[in-house]
Amino acid sequence: MDADRTATLRALEARWRDALLARDKDAIRALLHPDFRLVGVRQSGEALSIDVEHWISALDKMDIVAVEMNVIDAAGTGDTLVGTLDACWKVRFLDQTIDERVFLTDVWVRAGDDWQVIRRHTSFIPESKPSR
């Protein structure tokens, strides 16, 4: 891993996590590219594809209990940064508790002097079953 890219990615992911926990929509909006989409597969097996406005409006219905983001890899070139993360979160959403571990790929693009995430892909990581 390139140390500079990894440090940049860790800082960006920490800003996003902190903004989520603080429910700071202005800070979140500053981090999300206007063409942002959250895509992936949930623990339920449901495929999802959510645009920036739907994702931000869903925040009003969420109680974010915990978020943990661990950067596994960072790669990039020029104005693009791609991060691979192992993440866990616990969220109460629409009377359901979502407590899951996911494998994430975030694609960040340079926007002026800063970075914005344009795509987040999540894949649920099932709990491993003990061998018999």
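Residues count as buried under 20% relative accessible area, as exposed over 50%, and as partly exposed in between. By this scale R23 is partly exposed, because its relative accessible area is 43%. R23 lies in the loop between helix 1 and helix 2. The model described here is predicted.

Confidence was examined first. The mean pLDDT of the protein is 89. A value of 70 or more is reached by 95% of the residues. Among the elements, helix 2 (residues 25-31) has the highest confidence, at 95. Helix 3 (residues 52-58) has the lowest, at a mean of 89.

Helix 1 spans residues 3-22. Its 20 residues should cover 28 Å at 1.5 Å a residue, and the end C-alpha atoms are 28 Å apart, so expectation and model agree. The buried residues of helix 1 are T6, L9, L12, E13, W16, A19 and L20. These residues cover an arc of only 160 degrees around the axis, and therefore sit on the same side of helix 1. An α-helix has 3.6 residues a turn, so residues three or four places apart point the same way. On the other side of helix 1, A3, D4 and A22 are exposed.

Both ends of helix 1 show local detail. At its start, a side-chain oxygen of D2 comes to within 3.1 Å of the backbone nitrogen of D4. Just after the helix, R23 adopts a positive phi of about 55 degrees. Most residues other than glycine have a negative phi. R23 is not glycine, yet its phi is positive. A second case is D95, with phi near 65 degrees, again in a residue other than glycine. D95 lies in the loop between strand 4 and strand 5. Which exposure class does D95 fall into? With a relative accessible area of 86%, D95 is exposed. R23, at 43%, is partly exposed.

The interior was considered next. The largest nonpolar core holds 33 residues. Within it, W16, I28, L32, F36, W55, W89 and W108 touch the most other members. At least two residues of this core come from each of helix 1, helix 2, strand 1 (32-41), helix 3, strand 3 (62-77), strand 4 (80-93), strand 5 (96-111) and strand 6 (114-124). Which strand gives the most to this core? Strand 3 does, with six residues. In soluble globular proteins, nonpolar side chains tend to be buried together.

W108 illustrates how one core residue is surrounded. Leaving out residues up to four places away in sequence, W108 touches L9, L12, E13 and W16. The same list holds L31, D79, T80, L81, W115, Q116 and V117. L9, L12, E13 and W16 are also among the buried residues of helix 1.

D79 meets W108 from a loop. That loop lies between strand 3 and strand 4. D79 is partly exposed, with a relative accessible area of 46%. Beyond its neighbours within four places in sequence, D79 is in contact with W108, V109, R110 and W115. D79 and R15 are 64 residues apart in sequence, and their C-alpha atoms are 19 Å apart.

Two residues of strand 4 were followed in turn. T84 is found in strand 4. T84 counts as buried, because its relative accessibility is 17% and the cut-off for buried is under 20%. Sequence neighbours within four places aside, T84 is in contact with L9, N70, V71, I72, D73, F103 and L104. L9 is one of the buried residues of helix 1.

A87 also lies in strand 4. A87 is buried, at 0% relative accessibility. Residues up to four places away in sequence are again left out; A87 then touches E68, M69, E100, R101, V102 and L104. A87 and F103 are 16 residues apart in sequence, and 6.3 Å apart in space from C-alpha to C-alpha.

E100, one of the residues that A87 touches, lies in strand 5. Is E100 buried or exposed? E100 is buried, with a relative accessible area of 7%. Not counting residues up to four places away in sequence, the contacts of E100 are R42, Q43, A87, C88, W89 and F124. W89 is among the core residues that touch the most other members.

Note on methods. Residues numbered from 1 in each chain as written. Predicted model: local features only at pLDDT ≥ 70, side-chain atom pairs only at ≥ 80, totals over all residues. Heavy atoms only, no water. pLDDT = per-residue confidence, 0-100. Helix = DSSP H or I, 4+ residues; strand = E, 2+ residues; numbered from the N terminus. Expected span 1.5 Å × (residues − 1). Buried < 20%, exposed > 50% of the residue type's maximum accessible area, 1.4 Å probe, protein only. Arc of directions from axis to C-beta. Polar contact = N/O pair within 3.5 Å; in protein donor to acceptor, adjacent residues only side chain to side chain. Core = buried A, V, L, I, M, F, W, Y, C linked by side-chain atoms within 4.5 Å. Contact = heavy atoms within 4.5 Å.
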